[in-house]
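Student: Hi! Could we go through the cysteines in this one together?
Tutor: Happy to, let's pull up the model.

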Amino acid sequence: MDFLRSTFLVITLSSALVTCRSHDTREGEDVNLECRFPPHLATEQATFYWLRTNKRGHDNVAISTAALDPNYRVDLRPEQGRYDLLISNASFDRDNGQFECRLKVVGSGKDLHSQSFAVTVLTAPSAPSVSPGLNPTATEDKPFQLTCSSSGGSPDPTVRWYREGVHEPLESVRTLTDQGVTAVLTMTPTKEDDGAMFRCTVWNRAMSPNTKLEAIVNLNVNYIPRVQIGPENPLRVERDGTANLECNVDAKPRVSNVRWTRNNRFIAIAFTHTLHRVALQDAGKYTCTADNGLGKTGEADILLDVQYGPQVTIDSGPGQREAEEGETVTIKCNVSANPPPLTVEWTREGRPDFRQTGQNLKLHRVAADSAGTYTCRALNILTVGGKSTNKIGNASVTLLVRHKPGRAQITPDRPVATEGSGVTLTCSSSPPGWPVPQYRWWRDQDDSAQTTTVLATGPKYNIPSAHLASEGRYHCQATNDMGHGEIATVVLTVHQPPRFLAKLQPHVTKRIGDPEFSAMCGAQGKPKPSIKWFKDGQEVSLEKFDISTDESEGRNSVYTVQSTLRFSGRNRPGGNQLMPADRGVYSCVFENEVKRAETTMHLRIEHEPIVVNTPHKVAYDLRETAEVMCRVQAYPRPEFQWHFGSNTAHLTTGADGHYEINTTINQSGGDIYTSILSIANIQAHDYGDYSCKVNNMIGKVRTTIRLQPKGPPEKPETLTPVAIGHSFVTLRYTPGFDGGVHDTKYFVSYRRTADSGDDECVNARRSGAPDSWHE
């Protein structure tokens, strides 16, 4: 029983000691492999030895107490069940591997005990190397492998792949070879992988837990074209507008052009295909295809939606439809539009309250009043470029209802013609009648006429040159196959513009003081013309003139008007004598509703010279050039003579240039003459009185002008109030001689005074207070 127990125990122990133990060490360190066995197994028939397995193969390294390598030493103590192997100065090439402690029976080789040890001499692996490189290029949808390799590590390192941004390692195939460890990452890349960062890490127990060897891979992916169509899809454009079909391509490698097709027909290669003046036939699907040589193309379709406003046609034929009274009329309206119309309705010209919705116009029991122009109107909304626009299309048809014409009407209803001018009368009827009626014109004849003479046929009657005999009653009547319309009548009146029977003499010359002078003119006209007299464009004043007019009415209400302008009045010398102021242009003006007629007379009055607007003093300083002016009104033309002081010899323009005389006539008329004596380089002896003597065949006049040095102005004269208010006063005064300085200023002074007659409006001056003056 004891033997059996021992045997059982040995078997049990042996089976328990087969387990392999691991020992990590480093180059140059010592290792103690402890082999333990039951002491009772150590008999004389047992042999002890250590077996080593490494990359070189299998070999015994110790037998019993003898070590077979100088770096090995054994510690055999059978009685204690110990058989240890001590390794000094560990080496990877020698000691990295499997060690086994064995006990065998001598002669039979039966195993008594076996214990294994895995000795790992820790060695850091090499840095990872990546194939096909750190910046590889892959192709979309084609399998691609990244291989990460590391050699020389002990134990064999862990090689893993990671993707940037992902914590968990990627699935890869790990392979152990004599050259080292490799991890192969297989993928089918897409566009999203372009530019992705992948990381290969290498680690074994020879390295600290926080240290890893890494290699970073930046993956470039060539991907097939992605095509985007724009600027919007569908692309909406208005007919006759411009359509820009845009093809945006994202591809690697990039494409330099694209291929536009429509219905499998090639049309362009530009990224933007432009269609000018887009027509309806341009609408449809367009395809943009891009190819960058990767074996697969990218493409996208765009739908061109050509929008246009309603195009309206009517089934009734060329613009009109004829119907019988009492008939029911249906007219169809055809509308073509994109997008389809929102509304279709019928309206009637001249009838704003008429409305029918829909494409069919239906009129029941039509009558003459139903005739007219009907319009089919359609509306749609174009949306182009984000902007909405209302578009309207219409077409019209004229409905003609067979009926006799109604009452005629003549326009103008009160015609007035001017003698010698044309006049046109127009006849229409309401209802107008259909078929188109014929119009007949005639006028009233003398009672002796037995028949009516037709003047004209047609809607218009024209009198090319009217005269007084054209006046009278004119009639018009419309007639067609359906019957006669009622007659219309108007009365034509012919006006006559004023026509002179007697005109004014164009030029008349009289002498001052002539009495009983008058002018007469006469004219005929219809309506009766008015008469007005003008002098130099202004209506004459009855204070100096007397006007008498005679008028009479003749045949056809033609008036004869005669008017006489007599030069007489209370403001004339002797009541009827001519004055120099009577010179001028006189107009006799006749005017009526037709025209204005005018005849003129230029009247000149012979009279002696009259001094006008001549200053009596002028002032200049020494060595200046003085101008002494003498201005007169006279007819006939006068002559001027200048004298200085009491010297009887008249002054003339001399060769020395001291005196110069210029005489001119006012170009605007009025018989005004001006003579200017210029005195150059004034000396003291030039100061004094200069006489201007003027004479013509009627008489003469003499005036004196004083030349003096410049000095202070003389005081104003004849100061009088013009208007007085509660807070203002307007004054009139005659300026004095300005002393030769033209920028003379005038100052008005005033003082308050007491006025016992108006105590309420004026404050009385304080008792004893002096008057105060204010400017």
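Tutor: Let's start with Cys-427 and Cys-476, which form a disulfide with their sulfur atoms 2.0 Å apart. Keep in mind that this is a predicted model.
Student: Which way does the Cys-427 and Cys-476 disulfide turn, left-handed or right-handed?
Tutor: The torsion about that S-S bond is about -100 degrees, so the disulfide is left-handed.
Student: And where in the chain do Cys-427 and Cys-476 sit?
Tutor: Cys-427 is in strand S35 (residues 423–430) and Cys-476 is in strand S39 (residues 472–480), so the pair links distant parts of the chain, 49 residues apart. Both Cys-427 and Cys-476 are buried.
Student: OK, zooming out: how many disulfides does the structure hold?
Tutor: There are 7 disulfides. One of them joins Cys-148 to Cys-200, with an S to S distance of 1.8 Å.
Student: What does the Cys-148 and Cys-200 pair tie together?
Tutor: Cys-148 belongs to strand S12 (residues 144–150) and Cys-200 to strand S16 (residues 197–203), so the link ties together parts 52 residues apart in sequence. Cys-148 and Cys-200 are both buried, and their link is left-handed, with -85 degrees about the S-S bond.
Student: Changing topic, why is Cys-20 too far for a bond?
Tutor: The closest cysteine sulfur, in Cys-35, is 12 Å from the sulfur of Cys-20, and that is too far for a bond because a disulfide needs the two sulfur atoms within 2.5 Å.
Student: Is Cys-20 buried or exposed, or something in between?
Tutor: Cys-20 has 38% relative accessibility, so it counts as partly exposed.

Definitions and conventions
Residues are numbered from 1 along each chain as its sequence is written. This is a predicted model: local features need pLDDT of at least 70, side-chain atom pairs count only at pLDDT 80 or more; totals for chains, interfaces and linings use all residues. Side-chain values use heavy atoms; hydrogens and water are left out. Helices (H or I, at least four residues) and strands (E, at least two) are DSSP runs, numbered from the N terminus. Buried means under 20% relative accessible area, exposed over 50%, partly exposed in between (1.4 Å probe, protein chains only).
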